[in-house]
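Student: I have a structure open in front of me, and I would like to understand the words people use to describe it. Could we go through some of them together?

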Amino acid sequence: MKPMSADPRVSKSIEQKVLDLDAHLFLLRSHLHELRNSPSHLKVIAATLRTLVCFSGKVEGLLWRLTEELSVDDGVFLNVPGDLDMDNPLVKDISFMIAPISRGGQPHPAFEPHRVSLKGVIKEVQALVAMGKPLTHQYLISAVAQQMGTSHEADKVEPALNQLNSIFINGIEPFVHVLAMDAELTLEVGERVLECAERKMGFVRPHHSQDQGNLSVVVCVNVKQMVSGPTHLFCLGSYVASIEIDCYLTPTGFELLFTKHGSLVMKSVEMFPETLQLGDGVMYVFSYCSRVQQIRTMSDNDENKIVSCNLGWVHASELKSELVENNDFFEWGHFLIFGRLLSSSDVRQLMEPNAGGLFISEEELLARGAFPE
């Protein structure tokens, strides 16, 4: 009997594993962004999550291997409901239940937010109950990937998944929201790993697409009355990138504060035009390029400034915005977020009346028909 030969495969270096992580995060981000257009993207999301955060065969998820090797914290701030007590008489014969995790920044009346290990959440916390069976996040991800995803498309699915396919909440199967949140949290911890690799190993992110990490924000308000001190206009934030951008209206112009991990990175001040009259509209535009870590600002003053600003990698699709409502001091013209860098000519068009034809009424769109010229 011949002796078994040693495994001929070569172990990957940590540099190669970080490159693999970057590639998987790119795919996860791309398909998560497109999920709003078609639930079909969930197939790739489930398969990618299985690779990153699920134990498969004898191999732990790639993300957890790298958090351990690079000593990266996997903590996330969440509202996490407790697991269902299957021995409780009130639980008897329960068929379906969902108690989704949510961001700690979004208060929940029943749960106190805590900083918890994402790995612990994926491995141990129940995502939902189907056919009376509690399913952890890891189990649900693996089941969807192996029975309904790109890992494998089975001819049959287990009863619990079949039930979930027949339940719709606001027109969407319940596991879609669960996996979408798992994907966002995976991106958040994965981004920490890449940032750590950049610091410790000199890792350079490969080029995936022309506009990856590009962002432009356009702010236009009508000044009705001069403020006496800084008045908050809006806040932009990304859980994944751990950044916040706060904009204030001041007696003399706009003031923006850029923070990362809770620390101020940069303050930008833009003065109003000297000719400004009450009731006039004023515009402020800033673009951020993650690749070169620079911000360019443009305004009605015809100023075009480029300064260094290290916010890390920021993606427009992950930004969440909170705008202050119109009040006695200002009225919103428009607030726009682009996933690309606006050119000077783009900004000039936006400064034209009706934003250079950017906005089209619903009536005009309907009048064009299904096949517009």
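Tutor: Gladly! This is a predicted model, and we can begin with lysine 133, which counts as partly exposed.

Student: Why is lysine 133 called partly exposed?

Tutor: Its relative accessibility is 34%. Buried means under 20% and exposed means over 50%, so lysine 133, at 34%, counts as partly exposed.

Student: Where is lysine 133 found?

Tutor: Lysine 133 is in strand β6, which covers residues 133–136. Lysine 133 and isoleucine 94 are 39 residues apart in sequence, while their C-alpha atoms are 9.0 Å apart in space.

Student: What makes the pairing of lysine 133 with tyrosine 139 a polar contact?

Tutor: Their side chains come to 2.9 Å. A polar contact needs N or O atoms within 3.5 Å, one able to donate a hydrogen and the other to accept it, and this pair of side chains is listed as such a contact.

Student: Now for a helix residue. Why does glutamate 188 count as buried?

Tutor: Glutamate 188 has 7% relative accessibility. The cut-off for buried is under 20%, so glutamate 188 counts as buried. Leaving aside neighbours within four places in sequence, glutamate 188 is in contact with Val76, Arg103, Tyr239 and Val240.

Student: Which helix holds glutamate 188, and how many of that helix's residues are buried?

Tutor: Glutamate 188 is found in helix α7, residues 174–201. Of the 28 residues of α7, 23 are buried, and the helix is described as mostly covered.

Student: How do you know that the length of α7 is close to what is expected?

Tutor: From its first C-alpha to its last, α7 reaches 40 Å, close to the 40 Å expected at 1.5 Å a residue. After α7 comes glycine 202, with a positive phi near 70 degrees.

Student: What does α7 pack on?

Tutor: A sheet, so let us meet its strands before the helix. The sheet is open and has three strands in the order β3-β1-β4, with antiparallel pairing.

Student: What makes β3 and β4 edge strands?

Tutor: Each of them, β3 (102–103) and β4 (114–117), pairs on one side only. α7 packs on this sheet, touching β1, β3 and β4, and its direction makes about 150 degrees with that of β1.

Student: How do you know that β1 and β4 pair?

Tutor: Two strands pair if there are at least two bridges between them. Strand β1 (residues 75–79) and β4 have four bridges, in the antiparallel sense, so they meet that condition. In β4, serine 117 is the bridge partner of glycine 75.

Student: Which strands make up the sheet of five?

Tutor: That open sheet has the order β14-β13-β12-β7-β16, again with antiparallel pairing. Its edge strands are β14 (304–308) and β16 (330–338).

Student: What makes β7 and β12 a pair?

Tutor: Nine bridges join strand β7 (residues 214–223) to strand β12 (residues 281–289). At least two are needed, so β7 and β12 count as paired. Valine 218 stands opposite valine 285 in β12.

Student: One last one: why is the contact of α2 with α3 said to have no charged residues?

Tutor: Thr51, Leu52 and Val53 in α2 meet Leu62, Leu63 and Trp64 in α3. These residues divide into five nonpolar, one polar and no charged. Charged means Asp, Glu, Lys and Arg, and the contact has none of these.

Definitions and conventions
Residues numbered from 1 in each chain as written. Predicted model: local features only at pLDDT ≥ 70, side-chain atom pairs only at ≥ 80, totals over all residues. Heavy atoms only, no water. Helix = DSSP H or I, 4+ residues; strand = E, 2+ residues; numbered from the N terminus. Buried < 20%, exposed > 50% of the residue type's maximum accessible area, 1.4 Å probe, protein only. Contact = heavy atoms within 4.5 Å. Expected span 1.5 Å × (residues − 1). Axes fitted to C-alpha atoms, helices over the stretch in contact; angles between N-to-C directions.
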